[in-house]
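Please look over the sequence and the model shown here before reading on. The paragraphs below are meant as a guide for someone who has not met this structure before.

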Amino acid sequence: KKKGGKAHGFGYIYGIGTIGCVSMYLLLMMMSDASVDIYRTASVLGYGLLPLVVLALFAIIISLQSAFGLIVSAMCIMWSTYTASRFFVCVLDMHNQQPLVAYPIFLFYTTFAILTV
């Protein structure tokens, strides 16, 4: 029997979020001399998800499976990536390593955007 709604998607969201936060925490700990705890890492990554939450609200109203949806999704991913990577770079004093920090964050947010669209 088929279950109603997309309730199975919550498992994917929690799994990707947890694995992504732990992975970013471990990566930042290896890249930086300063330390950051996993709670701050999860907080920054969660704060960066806000543009993707707005994207999900747009997905309820209009279909994002078009050129417009692709452009809006790309803008939200870039905004989220820039915000989170700037936080990490400033807090951990990694000013010369922003592209190295931004790339895995970009992949993390792209995964959530794929789930949204």
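What follows moves from the nonpolar core to single residues and then to the aromatic pairs.

This is a predicted model, and its largest nonpolar core has 23 residues. Those with the most contacts inside this core are Leu28, Leu45, Leu52, Phe88, Ile105 and Tyr109. At least two core residues are supplied by each of helix H1 (9-31), helix H2 (38-48), helix H3 (50-61), helix H4 (67-92) and helix H5 (98-116), and H4 gives the most, with seven residues.

Leaving aside residues up to four places away in sequence, Leu52 touches Cys76, Ile77, Ser80, Tyr109, Phe112 and Ala113. Thr81, which is found in helix H4, has a relative accessibility of 7% and therefore counts as buried. With residues up to four places away in sequence again not counted, Thr81 touches Ala102, Ile105, Phe106 and Tyr109.

The structure also holds three aromatic pairs. One of them joins Tyr47 and Phe87 in an edge-to-face arrangement, with 5.6 Å centre to centre and 80° between the planes. Because Tyr47 lies in helix H2 and Phe87 in helix H4, this pair ties together parts that are 40 residues apart in sequence. Tyr47 is partly exposed, with a relative accessible area of 46%, and Phe87 is partly exposed at 37%.

Phe108 and Phe112 form an aromatic pair that is edge-to-face, at 5.1 Å centre to centre and with 80° between the planes. Both residues of this pair lie in helix H5, four residues apart, which is about one turn of the helix, and both Phe108 and Phe112 are buried. Ring pairs link Phe108, Tyr109 and Phe112 into a cluster.

Conventions
Residues numbered from 1 in each chain as written. Predicted model: local features only at pLDDT ≥ 70, side-chain atom pairs only at ≥ 80, totals over all residues. Heavy atoms only, no water. Core = buried A, V, L, I, M, F, W, Y, C linked by side-chain atoms within 4.5 Å. Buried < 20%, exposed > 50% of the residue type's maximum accessible area, 1.4 Å probe, protein only. Contact = heavy atoms within 4.5 Å. Phe/Tyr/Trp six-rings, centres within 6.5 Å; stacked < 30°, edge-to-face > 60°.
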